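This briefing covers a chain interface, a metal site and a set of salt bridges. Please consult the sequence and the structure shown here alongside the text.

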Amino acid sequence: MPILAYRDALNQAMAEEMERDDNVYLMGEEVAEYNGAYKVSQGLWDRFGSRRVIDTPISEGGFSGIGIGSAMVGLRPIIEFMTFSFSLVAIDQILNNAANMRYMSGGQFSIPIVFRGSSGMAGCLAATHSHRLEAIYSHFPGLTVVMPATAADAKGLLKSAIRSDDPVIFIEHENLYGEKGEVPEGDHLVPIGKANVVREGSDVTLLTYSRSILNTLAAAEQLAGEGVSAEVIDLRTLRPLDMDTILKSVLKTHRCVIIEENWPYCGIGAGVADRIYQEIFDELDAPIRRVTAKDAPIPYNRKLELSMLPTVERIVAKINDVLYRKA
Amino acid sequence: MSQVQTAPRTIVDRHKAVIWLRQMHLIRRFEERAAFLYQNQKIGGFCHLYNGQEACAVGSIGMLRDDDYLITAYRDHGHALARGMDPKPAMAELLGKSTGCSGGKGGSMHFFQAEKGFLGGHAIVGSHIPLATGVAFANKYKGGDQVCLCYFGDGAINQGSFHEALNMAGMWKLPAIYYVENNMISMGTQLERSSAVLDLTVRGGEPYHMPAYRVDANDVEQVAEVTQRAITRARAGEGPTFIEAITYRFRGHSMSDPQKYRTKEDMDKAKLRDPITLWENRLLQRGWIDESSLEQMREEIRDQVEAAIEFAENSPEPGPEDLYTNITVAPYTPQESD
Ligand SMILES: Cc1ncc(C[n+]2csc(CCOP(=O)(O)OP(=O)(O)O)c2C)c(N)n1
Ligand SMILES: [Mg+2]
């Protein structure tokens, strides 16, 4: 199987889907002539031309709305945000228009659109440029929220997102663009709404997604050396959440830690933990623990920024907690 | 920079002219009855009536082809009816019934009718202007010659969405028509308290490289003429047009507005130029209608609206199971429920 970087897997997904369906187009800032701020759209403008790969002015609200309007009459836009931080400028379009249109119109207008782009604390970008907005978007009925962690999933989930008839928030991670992995050729589709058990284990369930998968796997590996068998699940889709896979695992391990780069309060982990409690409280041998970003704006200083993130050390500590284990 | 249209010219035939009169009467009657139902608490929420602005919608939509698109803000009953929506599903929507044009989930501010290219009523001021631009983008992308006609109020011009959308439409020569219904007020704020310039064609035309027209929208025929020019330009691939339609709303901003900000004298003066009366008189002068055909028309419309009310009243409410329908195309399960 070919080895591709996450960035190139995304590129391949877009190229294949644009090849397959003329209604698919890519729009955003610097996506065409500049080949993308993060080079995800490298070569697409050369290949597909200005009709289908469209540079916009810096008008996130405007071009998001253009995407939604075009989707109302049959096109299937991919709207790139240079980073998801900038989607805040377009949030009215995404939440009021894309998420509600089908409902408000009594089912007459669906919005097959993908909003995609980078996100996360990627190194000294400070408070305005490091946002992770999945908790906000996952809150809203009508949206689908997808966050791939691997190159293979980046391709397979993006292809599924483009084929979805509903608005999909597809949040990439800036630090994953260079991560390499095996990526199936051709029509590789990863279903939306399905989590992936990336490491099997029997003592504790670790739920995570996006970049945190890397540190979570490292923590699991470290504890394996100490005789702890951790199951690691990549959630992949945050809305709708794959509760079946989650419950199946926690019913087996009876312990759970949730790891994310989000803020803790009203975050993804808080919502997921509550859903587990509601379903199988009696099966738990310990309270669910969460490893999240620290509850502060994101600092510029590199050391402070790193201290925000779920490190292997922090993850291991919480796993030990739920196992009532002394480190 | 605007071109002002003043002299009325005959630009429609008798058949169409009478249809337009009928549509304007239908809208007026529909709104009057909606007001009554609102006062009787049959209609909830915000309900914005179109009285006084009928010619804005009728004269412009009247020039569209069946395969064109239109989209508007929350003051949307008139546009829907002018596009030929049956008053029954329109009234049923106001009453929140499942037979409503949006299945009872949109209400007064969110009328939709896909089969007529009516892309909604939208209630976030200015938010639908990029949508219209996207529809025009899609028309061009697909290589068709349909246009998208986009209505909004004078208040909406102050939103960033307006400027972002018009900039891209002008740059990309999209087949859109941006049509501000300037009733000189947004809610309770007079135009001079919301806009640095009072001639809105200055804000919407030249800055975005499109022609702008200002038109007396009490005159349905002038509206039609200007709209036709914009349509011709859009179909020819020459790009968008900005139209400023000068109008007046005869009722409050919404049904809950006591209208303390204007006087009865202002209103009486405006009503001297009621677009329906003006059009009626012109058609009488042209000998295209007479008193008896007018009386008959009014009676038919009264019956039509009463039938719509009856239909709406007798229609079922959406059931509890409808809460979760039409959220997504993919099968939808609520993330949590009791
Ligand atoms: C973003 C936003 N801000 C405020 C409102 C509340 N609001 C609804 S209509 C309106 C006035 C709009 O006036 P205008 O655009 O002139 O339209 P008109 O009512 O005159 O048709 C306001 C302030 C809203 N719906 N959306
Ligand atoms: Mg107004």
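**Interface, metal site and salt bridges**

Chain B and chain A bury about 3600 Å² between them, 62% of it on carbon and sulfur atoms; buried area is the accessible area (1.4 Å probe) that two parts lose on being put together, summed over both. This is a predicted model, in which local features need pLDDT of at least 70 and side-chain atom pairs count only at pLDDT 80 or more, while totals for chains, interfaces and linings use all residues. Residues are numbered from 1 along each chain as its sequence is written, chains are lettered from A and ligands numbered from 1 in the order in which they are written, and side-chain values use heavy atoms, with hydrogens and water left out.

**Interface of chains A and B**
- Contact (heavy atoms within 4.5 Å) involves 40 residues of chain B and 50 residues of chain A.
- Y141(B), N326(B) and Q335(B) supply 21% of the area that chain B buries against chain A, more than any other three residues.
- Between the two chains there are zero salt bridges, a salt bridge being a side-chain nitrogen of Lys or Arg within 4 Å of a carboxyl oxygen of Asp or Glu.
- Helix α5(B) gives the most to the side of chain B that touches chain A, with nine residues; helices (H or I, at least four residues) and strands (E, at least two) are DSSP runs, numbered from the N terminus.

**Helix α5 of chain B**
- Of the 15 residues of α5(B), 13 are buried, so the helix is largely enclosed by the rest of the structure; buried means under 20% relative accessible area, exposed over 50%, and partly exposed in between (1.4 Å probe, protein chains only).
- After α5(B) comes G143(B), whose phi is positive, near 85°.

**Magnesium site**
- The magnesium ion (ligand 2) has the protein donors D154(B) (OD), N183(B) (OD1) and I185(B) (O), lying 2.0 to 2.1 Å from it.
- Donors are N, O and S atoms within 2.8 Å of the metal (3.2 Å for Na, K and Ca); water is not among the atoms, so sites may look incomplete.
- N183(B) and I185(B) are both buried.

**Salt bridges**
- Over all chains, the whole structure holds 43 salt bridges.
- R22(B) and E300(B) form a salt bridge through their side chains (2.6 Å, N to O).
- This pair links distant parts of the chain, with R22(B) in helix α1 and E300(B) in helix α11, 278 residues apart.
- D268(B) and K264(B) also meet in a salt bridge (2.8 Å, N to O), and both lie in helix α9 of chain B, four residues apart.
- K264(B) counts as exposed at 58% relative accessibility.
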